[in-house]
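Good morning, and thank you for coming. Please look at the sequence and the structure as they appear, and I shall then go through some of their features in turn.

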Amino acid sequence: MSDNNRPGLDFDFHGKALDNIFETYAEIRDKCPVGHSERYGGFWFISKNNDIFAAEQDPERYSVAPSMLLPSFGTDIPMIPIDIDPPKHWEYRKILLPLFTPQAIRKIENGIRMTSRELAIKVLESLRHGPTDASSMFARPVPTIVFSRIAGFPEQDWPKFDKWVYDIIYARVEYPERAKNAAQAVMDYFNDLLMARRSAEPREDVIQKLLEARLDGNPLSQDELISYCYLLFVAGLDTTVWAIRSSLWYLGQNLEDQRRLREDPELIYMAVEEFLRTLSPVQAMARTCLADTVIQGQKISAGERVVLVFGSGNRDPDAYDHPEKIQIDREDNKHLAFGAGIHRCLGSNLARAELVISLKEFLNIVPEFTLAEPSEQWHGIGKLTIRMN
Ligand code: HEM
């Protein structure tokens, strides 16, 4: 950590930096709650819970253009609706709201349960023969299959999606070319899929809703449709995979909590919120500051990039008692895992349902398990090798 007048010079929130990120957060909150990093073209970071909430509530000062994603997800086109400022943002967002209400999600809970159950049974069969990768056999397929079904993305293509998502989100920092190629492949894929759907029988899914949407009386252009599908593809799959995987990662090492959740499955609702707070898949999102601003004594100039570090805000001692402790029955757990402003996660009801149901089914079918490879990290969507006790 640098101690010049732009503190926190080398702060990063991707890749290997995540291995020890919680120690880094504690340090920056303490020494430079608002600091500057030279990475990714240079950005300010905001690490305190109340400053992040305030920024989230102030979209006129903190624009999402050119993108919330830093570095980009392999493409420079703005993603709808995440990279769109008011007033247009709401026009795009409201198209899909009816599909993600609690009532709408209740209707698909049974499908989530059946998929989770089938996959958990396969994990159990594999565990009988030895250590098993619960990430590739459970955490990755559950959200991919469930979301493909809702969205209207052909389910049989999910192994292809899995690879593209990996290249776009995880390989992008080290191998931007891989992310770029995958992004192009995804856009070509949606271009073809949308063309095919225009002449197909109408169905009840996300793609249909987008095709039927009208903005000022006009349908969305092909480019707008592709951008929306692309965003849903990256937002709807990897995040929930990470959240299921990191929850299992925690439970594989904390047997007392694993047993508590088996004995009292209703506690899983609260445990999921606590996993989201402490092991969140979206550790940070970017904005551009539109006016000269002073926070925590640091001046951010108009036009500079700013990163809201949700993961740090979620462990801020000024906001939570014993913030580093994962307390599966924590009450009043108002966290930042889904954001907190006008761009608050559109899929949060779906994500919560997937997390609760998949964990319930997993614990119901798979007996007590531990991590077989303790060196496997808490973050990402890589392997999670478990064994039965
Ligand atoms: C555990 C899983 C998930 C987490 C932690 C998560 C987190 C987030 C976060 C932090 C944001 C940005 C909020 C902001 O900057 O204010 C966001 C936006 C968004 N998420 Fe999620 N997400 C998850 C799952 C999903 C799913 C399953 C979908 C599928 C529909 C989804 C769709 C979106 C969309 C469309 C946006 C943009 C909303 C807007 O700009 O108005 N997310 N999510």
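Histidine 36 has tryptophan 44 in strand E2 as its bridge partner. Strands E1 and E2 are joined by four bridges, and their pairing is antiparallel. The two strands form a hairpin, with five residues between them. In the turn, tyrosine 40 has a positive phi of about 50°. I should say at this point that we are looking at a predicted model.

Let us stay with strand E2, which covers residues 43-46. Which way do its side chains point? Phe43 and Phe45 point one way from the strand, while Trp44 and Ile46 point the other way. In a regular strand, side chains alternate between the two faces of the sheet. All four of these residues in E2 are buried.

Tryptophan 44 also has a bridge partner in strand E10, namely valine 306. Here the pairing is parallel, and E2 and E10 share three bridges. Strand E10, residues 305-308, pairs in turn with strand E7, residues 285-289, over four bridges in the antiparallel sense. Within that pair, alanine 286 stands opposite valine 307 of E10.

We can now assemble the sheet. It is an open sheet of five strands in the order E1-E2-E10-E7-E3, and its pairing is mixed. At its edges are E1, residues 34-37, and E3, residues 62-63, each of which pairs on one side only.

There is also a sheet of three strands, again open, in the order E4-E12-E11 with antiparallel pairing. Its edge strands are E4 and E11. Strand E4, residues 132-133, is joined to strand E12, residues 385-388, by two bridges, and aspartate 133 has threonine 385 as its partner there. Strand E11, residues 369-371, pairs with E12 over three bridges. Two examples from that pairing are threonine 370 with arginine 387 and phenylalanine 369 with methionine 388.

I turn next to helix H5, residues 109-127. This helix has 19 residues and reaches 26 Å from its first C-alpha to its last, close to the 27 Å expected at 1.5 Å a residue. Which residues of H5 are buried? They include Ile112, Thr115, Ser116, Leu119 and Ala120. These residues lie on the same side of H5 because they cover an arc of only 130° around the axis. An α-helix has 3.6 residues a turn, so residues three or four places apart point the same way. On the other side of H5, Asn110, Met114 and Glu125 are exposed. The cover over the buried residues of H5 includes helix H6 (134-139), helix H7 (141-151) and helix H16.

Helix H16 brings us to the ligand. How many residues surround the ligand? There are 27, and the closest are Gly236, Thr239, Gly339, Cys345 and Gly347. The elements giving two or more residues to this shell are H11 (222-236), H12 (238-251) and H16 (348-365). Helix H11 gives the largest share, with four residues. By type, the shell divides into 16 nonpolar, eight polar and three charged residues.

Some individual residues also deserve attention. Arginine 197 lies in helix H9, residues 176-198. It is partly exposed, because 19 other C-beta atoms lie within 10 Å, and 20 would be needed for it to count as buried. Leaving aside residues up to four places away in sequence, arginine 197 touches Ile207 and Leu211.

Two peptide bonds are cis: the bond from leucine 70 to proline 71, with omega near -5°, and the bond from isoleucine 80 to proline 81, with omega near 0°. Proline 71 lies in the loop between E3 and helix H3, and proline 81 is placed in the loop between E3 and H3 as well.

Finally, there are two residues that have a positive phi although neither is a glycine. For aspartate 216, phi is about 50°; for histidine 322, about 40°. Aspartate 216 is in the loop between strands E5 and E6, and histidine 322 is in the loop between helices H15 and H16. Are they buried or exposed? Aspartate 216 counts as exposed because it has 5 C-beta neighbours inside 10 Å. Histidine 322 has 9 such neighbours, and therefore counts as exposed too.

Methods:
Residues numbered from 1 in each chain as written. Predicted model: local features only at pLDDT ≥ 70, side-chain atom pairs only at ≥ 80, totals over all residues. Near = placed C-beta within 6 Å. Nonpolar A, V, L, I, M, F, W, Y, C, P; charged D, E, K, R; others polar. Pairing = 2+ DSSP bridges. Expected span 1.5 Å × (residues − 1). Buried ≥ 20, exposed ≤ 12 C-beta atoms within 10 Å, placed from the backbone. Arc of directions from axis to C-beta. Contact = placed C-beta atoms within 7 Å.
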